[in-house]
Amino acid sequence: MATVCLSNPKSFLPSLPSSSSTTSSSFSTRKQIIVCKAENNVCNFSPIISKRSLSISLASSLLLSLTGNGTFNANAAILEADEDDELMEKVKKDRKKRLERQVIIGSSSKEKGYLQDLVYKLSKVGQAIEKNDLSAASSVLGQNTDADWVQKVNSALNKFSGSDEEKSEIDSFNSSLSSLVSSVTKNDIEGSKTAFVASASAFEKWTTLTGLIEELKGL
């Protein structure tokens with residue numbers, strides 16, 4: 001058996017005389033009627049959700065998603081796409097440079113011969129310095145850096161160099177080679193050893209940067 005309950009029992013008190021129809025209409029508009037189960041005498045409140053409130057709720061959720069994680073994910077996707085484009089562009093440029101350099105190397109046998117001669121000279125100088133035979137080292141290097149073989153080596157180094165890093169290694173090599181010639185001429189064993197290591201290291205790094213390390217023997 002169902003019982004009719006009012007959320008405000010005091011409204012049933014006969015305080016305002018009126019017609020039965022007016023009273024009934026007033027009560028229906030101002031009072032909330034709840035159907036209660038007689039068995040446990042508990043009233044169940046059933047919330048009424050209108051289409052308008054549901055639409056507002058959905059719109060709010062959509063707005064939050066767009067201004068929150070949605071925007072972040074979109075921005076992240078854009079950044080990731082930009083990074084991928086930059087990486088692909090760099091790969092293309094590097095590949096183009098390698099192909100151009102391979103063409104230059106393949107058509108520059110004379111310059112490669114100058115560099116191969118340098119490898120042999122450095123090997124002989126290193127062996128002489130290891131034996132403390134600076135006279136033998138001097139016979140290979142010469143008395144100054146104006147020697148013909150030094151000029152030829154520099155022409156080859158400059159031809160195969162393109163980047164600032166490669167050109168920087170050329171400067172390091174020439175500076176170390178000058179110190180090596182000077183130390184050998186002065187019969188300075190320790191100075192010769194230090195300058196030789198610096199010269200060989202600079203040249204080896206340059207050949208690595210340019211890819212010529214695979215073209216020359218003895219490295």
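How many aromatic pairs does a search of the whole structure find? The search finds two. The close-ups below show these pairs and other local features of this predicted model.

**View 1. Phe173 and Phe203 form a tilted aromatic pair.** The ring centres of Phe173 and Phe203 are 6.0 Å apart, and the planes meet at 45°. This pair links distant parts of the chain. Phe173 belongs to helix 6, Phe203 to helix 7, and 30 residues separate them. Both Phe173 and Phe203 are buried.

**View 2. Phe203 and Trp206 form a stacked pair.** Their ring centres lie 6.2 Å apart. The planes are at 15°, so the pair counts as stacked; the cut-off for stacking is under 30 degrees. Helix 7 holds both Phe203 and Trp206. They are three residues apart, about one turn of the helix. Phe203 has a relative accessible area of 2%, so this residue is buried. Trp206 is buried too, because its relative accessible area is 1%.

**View 3. Phe173, Phe203 and Trp206 make up a cluster.** Ring pairs link the three residues. Phe203 takes part in the tilted pair with Phe173. Phe203 also takes part in the stacked pair with Trp206. A pair of aromatic rings is described by the distance of the centres and the angle of the planes.

**View 4. Lys121 lies over the face of Trp149.** Where does Lys121 lie relative to the ring of Trp149? Lys121 is over the ring face, 5.1 Å from the ring centre.

**View 5. Asn132 has a positive phi.** Most residues other than glycine have a negative phi. Asn132 is not a glycine, yet its phi is near 60°. Which helices flank the loop that holds Asn132? The loop runs between helix 3 (109-130) and helix 4 (134-141). Asn132 has 47% relative accessibility, so this residue counts as partly exposed.

**View 6. Asn187 also has a positive phi.** The value is about 60°, although Asn187 is not a glycine. Asn187 sits in the loop between helix 6 (164-185) and helix 7 (189-210). Is Asn187 buried or exposed? Asn187 counts as exposed, because its relative accessibility is 55%; the cut-off for exposed is over 50%. The helices on either side of this loop, helix 6 and helix 7, also carry Phe173 and Phe203 of View 1, respectively.

Definitions and conventions: Residues numbered from 1 in each chain as written. Predicted model: local features only at pLDDT ≥ 70, side-chain atom pairs only at ≥ 80, totals over all residues. Heavy atoms only, no water. Helix = DSSP H or I, 4+ residues; strand = E, 2+ residues; numbered from the N terminus. Buried < 20%, exposed > 50% of the residue type's maximum accessible area, 1.4 Å probe, protein only. Phe/Tyr/Trp six-rings, centres within 6.5 Å; stacked < 30°, edge-to-face > 60°. Lys NZ or Arg CZ within 6 Å of the ring centre and 35° of its normal.
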